[in-house]
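Trainee: Could you take me through one part of this model in detail? I would like to look at the charged side chains and how they pair.

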Amino acid sequence: MHTIQVTAVYKGVKTHPEHSFPFLHFEIPPTEKTDRVPLCVLPFEPAKNTTALDQKIFEEGTKLLIDGRLYPDISGQGPMYIQPTKELQVVNQDLVINQVFLAGNCNYTQSYEYSFKFGLNSQLSLTEKRLGYTSYQDLNHKPSFWLTARYDNKKVLEKLFYKGRQIAVGGKLTFSEYKDKKTGEKKSSYSIFVSSKQHSAFGFGFALNKEQWAQVTTLVNSFRPTGQSNYKPKEREAFDSPHQQAIAKPSTPETDDIPF
């Protein structure tokens, strides 16, 4: 899961510098505590004509509510994209919504004095060929996000999250620009600031080493019913007629060693 619900201001149409596909450019306005957050909304069927590039439904400066799937640039260096799951809606300029929901595998953790940073690989919800997300199995095609927790939230998450643990978090999307100290080059990055109490962790409460995992595997296998590993379903009868095939009896197990 990698979804977002956000209100952002429409800035016009732009084109991807490398792949040349067009998209709608948006920006979450800055506040006293946060910088602006640029976003790229991809034309997509569920949004109907609200993302049609040739119809110019909205004027620049209009604030819209956007619901969709969140995709980071697959290289890790580019902008953040949204694949909308419903029509874009015009909202009041004062309405502020910025909510991200992520679930996946924790792949990195680092504690600092006042913050806790970690990475998350989300299971790909839907392919997006324009961005290079074309495989549900390839690790490199799992949307990867950086997340940050601070102060009291930091103390809680650094105890719960470890590399390899399955987690679910909620937070808001943030953006920062900075100069590389070594090269002087201007760079930017996105991060999800984890909201208080919007987090869950699954599995063991601590990381297991190889020996501990071997013990767990041995214990689980000890409860397997005899003969289950040799279970093979009978092949379903094949018929020339679609009607006969539809009413054919389903395959049945050759053994009664069913663990429930």
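Mentor: The structure holds six salt bridges. Bear in mind that the model is a predicted one. I will go through three of the pairs and one network, and then set them against the chain as a whole.

Start with glutamate 27 and arginine 36, whose side chains meet in a salt bridge at 3.2 Å from N to O. Glutamate 27 has 15% relative accessibility and counts as buried, because the cut-off for buried is under 20%. Arginine 36, at 28%, counts as partly exposed. This pair also belongs to a network of salt bridges that links Glu27, Arg36, Glu177 and Lys186. The network therefore includes residue numbers from separate stretches of the sequence, Glu27 and Arg36 on the one hand and Glu177 and Lys186 on the other.

Next comes aspartate 180, which forms a salt bridge with lysine 187; their closest N and O atoms are 3.0 Å apart. Aspartate 180 is buried, with a relative accessibility of 18%. Its partner, lysine 187, is partly exposed at 29%.

The remaining pair lies in a helix. Lysine 154 and glutamate 158 form a salt bridge in which the closest N and O atoms are 3.6 Å apart. Both residues sit in helix 1, which covers residues 151-160. They are four residues apart there, so about one helical turn separates them. Here the lysine is the buried partner: lysine 154 has a relative accessible area of 11%. Glutamate 158 is partly exposed, with a relative accessible area of 28%.

As for the setting, the chain has three helices and 11 strands. Along the sequence, their order is β-β-β-β-β-β-β-β-β-α-β-β-α-α. Helix 1, with the pair of lysine 154 and glutamate 158, is thus the α that follows the opening run of β elements in that pattern, because helices are numbered from the N terminus.

The chain has 260 residues, of which 35% count as buried; glutamate 27, lysine 154 and aspartate 180 are among the buried ones. About 16700 Å² of the chain is exposed, and carbon and sulfur atoms supply 51% of that area. Among contacts with a separation of 6 or more, 62% are between residues 24 or more positions apart.

Definitions and conventions: Residues are numbered from 1 along each chain as its sequence is written. This is a predicted model: local features need pLDDT of at least 70, side-chain atom pairs count only at pLDDT 80 or more; totals for chains, interfaces and linings use all residues. Side-chain values use heavy atoms; hydrogens and water are left out. Helices (H or I, at least four residues) and strands (E, at least two) are DSSP runs, numbered from the N terminus. Buried means under 20% relative accessible area, exposed over 50%, partly exposed in between (1.4 Å probe, protein chains only). Contact means heavy atoms within 4.5 Å. Accessible areas come from the Shrake-Rupley method with a 1.4 Å probe; for residues, only the protein chains shown count as cover. A salt bridge is a side-chain nitrogen of Lys or Arg within 4 Å of a carboxyl oxygen of Asp or Glu.
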